2 protein chains.
Amino acid sequence: VTTVPVDERGAVVDALGDEAAVLLTPAHQVPMGVVLDPARRRQAIRWAAGTGAIVLEDDYDGEFRYDRQAVGAMQSLAPDQVVYAGTVSKSLAPGLRLGWLVLPAALVDGVVDVKGSAGAHSSAVDQLTLAELIESGAYDRQIRRARLVYRRRRDRLVEMLARYSPAVEVSGIAAGLHVVAHLPGREEDDVAALAARHGLAVQGLGANTHPGHEHPPALVIGYATPPDHAYTAALARLDAVLAALS
Amino acid sequence: VTTVPVDERGAVVDALGDEAAVLLTPAHQVPMGVVLDPARRRQAIRWAAGTGAIVLEDDYDGEFRYDRQAVGAMQSLAPDQVVYAGTVSKSLAPGLRLGWLVLPAALVDGVVDVKGSAGAHSSAVDQLTLAELIESGAYDRQIRRARLVYRRRRDRLVEMLARYSPAVEVSGIAAGLHVVAHLPGREEDDVAALAARHGLAVQGLGANTHPGHEHPPALVIGYATPPDHAYTAALARLDAVLAALS
């Protein structure tokens with residue numbers, strides 16, 4: 001596995017060469033939270049079409065764009081070059097172990113074989129339940145409800161940081177289930193350790209980047225947990241951690 | 001993969017040599033329907049203990065013994081030599097993809113690794129639901145209810161064969177979800193094909209034995225399907241097929 005740099009326009013796809021595939025999170029880059037720029041999308045597809053490579057479009061939290069309509073999937077631009085991967089892990093629950101792939105026709109049989117030999121263990125009951133949720137419209141309602149909940153959580157977190165910790169800058173678009181909070185001049189692991197002592201499980205940015213890559217000191221703060229009744233207390237703890245630093 | 005002969009006392013474990021493992025169905029041999037004799041059980045365990053091999057005890061329909069209390073699992077006799085495999089595929093539904101292994105302690109970490117690398121795709125929701133069924137006693141009630149239903153189905157099938165097709169002998173113990181019906185002097189594949197034309201999916205014994213092995217002509221008749229309201233009609237069709245032969 002090699003790596004591709006990421007800037008404010010997403011993955012720097014210029015860097016692609018003779019790789020067989022590239023894994024992208026175009027809707028919301030992990031962990032930096034930027035959107036893959038339209039020109040970069042076209043460039044990645046041209047690269048794949050020219051070299052026979054595959055673009056793996058991991059749309060793991062693509063349902064959760066808060067500031068505007070989500071950008072369409074790359075897969076629809078180039079169905080023969082792009083494998084689209086979606087999941088209910090963020091919209092319903094990761095424990096369901098359900099997702100889906102939209103595949104170039106030539107890959108379908110091979111992927112079905114691999115899935116079968118890995119046990120084909122997806123529960124039929126859960127799949128049928130999901131199909132009914134989708135057909136009845138209940139899944140769409142759940143997405144809209146979850147989007148509102150997570151948007152409010154993100155807004156509260158970002159507002160708190162802006163008000164009480166103005167030195168901590170949040171990067172990335174208003175989307176997904178985490179923010180990257182920059183800590184100029186701090187050791188992110190020390191801050192994460194202090195947060196852990198306050199009962200908060202947050203990670204340094206380094207835990208989300210390829211080993212050896214340079215990155216600015218930052219925390220990756222997921223706001224999908226804890227449950228609603230505990231979220232205000234969690235924010236207060238985070239505020240206490242950041243106040244202790246200044 | 002090599003094979004072990006089967007006689008009326010189950011797998012002929014004398015035949016085991018330097019194999020790394022043997023797969024047995026001690027409670028109800030597939031497809032012949034015999035129980036593994038106590039002396040053979042002890043012999044297989046001695047073989048495994050002496051050579052360092054593993055006995056894989058597949059107890060896939062061990063809940064369904066109709067004529068008496070089921071024999072205990074081999075695993076309890078030799079927990080360091082036997083891997084016990086159970087499943088809800090027969091007691092609840094195969095589509096749940098849930099089962100369990102009881103493993104020698106030394107194998108646990110390796111099996112967990114392999115399961116994890118194969119996707120770890122068992123639904124947490126289904127596992128929690130099963131745990132609640134077990135803890136509440138509802139799973140035991142389901143087993144008892146299913147045992148009664150399947151026992152009645154088997155009894156009706158066996159009685160019909162004895163009354164109207166006395167030349168067709170049923171072998172194996174009163175257990176499980178299938179019978180082996182012997183068809184002396186017949187081509188089993190022709191009978192299975194005739195049954196298919198009558199809308200019955202039954203297999204010849206050859207479809208359930210290792211390629212190249214000699215076996216007497218017989219049908220393997222599963223009675224867990226069709227649903228209750230269609231079972232009488234299915235029996236009548238089978239009777240018509242067998243009557244057409246005589």
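## A four-stranded sheet in chain A

In this predicted model, strand β4 (residues 54-58) of chain A runs parallel to strand β5 (residues 82-87) of chain A, and four bridges join the two. Within this pairing, L56(A) has V83(A) of β5(A) as its bridge partner.

Both strands belong to an open sheet of four strands in chain A, in the order β3-β4-β5-β6, whose pairing is mixed. Because β3 (21-24) and β6 (99-102) of chain A each have a single partner strand, they stand at the edges, and one side of each is left without a neighbour in the sheet. From one strand to the next, the twist averages 15 degrees.

## Nonpolar cores

The largest nonpolar core comprises 29 residues, and L157(B) and I221(B) are those with the most contacts inside it. The elements of chain B that give two or more residues to this core are α4 (138-164), β8 (178-182), α5 (188-197), β10 (218-222) and α6 (228-245), and α6(B) gives the most, with seven residues.

Leaving aside residues up to four places away in sequence, I221(B) touches L157(B), L177(B), H178(B), V179(B), A181(B), V202(B) and L238(B). Another core, of 28 residues, lies apart from this one and includes F64(A), A146(A), L157(A) and L235(A).

## Relation between the two chains

Chain A is superposed on chain B by a rotation of 179 degrees with 0.0 Å of shift along its axis, at an RMSD of 0.0 Å, which is the relation of a two-fold axis. The same surface serves both copies, since 100% of the contact residues of chain A recur in chain B. Among the residues of chain A, A118(A) comes closest to the rotation axis, with its C-alpha at 2.5 Å.

Methods
Residues are numbered from 1 along each chain as its sequence is written. Chains are lettered from A and ligands numbered from 1 in the order in which they are written. This is a predicted model: local features need pLDDT of at least 70, side-chain atom pairs count only at pLDDT 80 or more; totals for chains, interfaces and linings use all residues. Side-chain values use heavy atoms; hydrogens and water are left out. Copies are superposed by least squares on the C-alpha atoms of residues with pLDDT of at least 70 in both. Contact means heavy atoms within 4.5 Å. A nonpolar core is a set of buried Ala, Val, Leu, Ile, Met, Phe, Trp, Tyr and Cys residues joined through side-chain atoms within 4.5 Å. Buried means under 20% relative accessible area, exposed over 50%, partly exposed in between (1.4 Å probe, protein chains only). Two strands pair if DSSP finds at least two bridges between them. Axes are lines fitted to C-alpha atoms, for helices over the stretch in contact, and angles run from 0 to 180 degrees between N-to-C directions.
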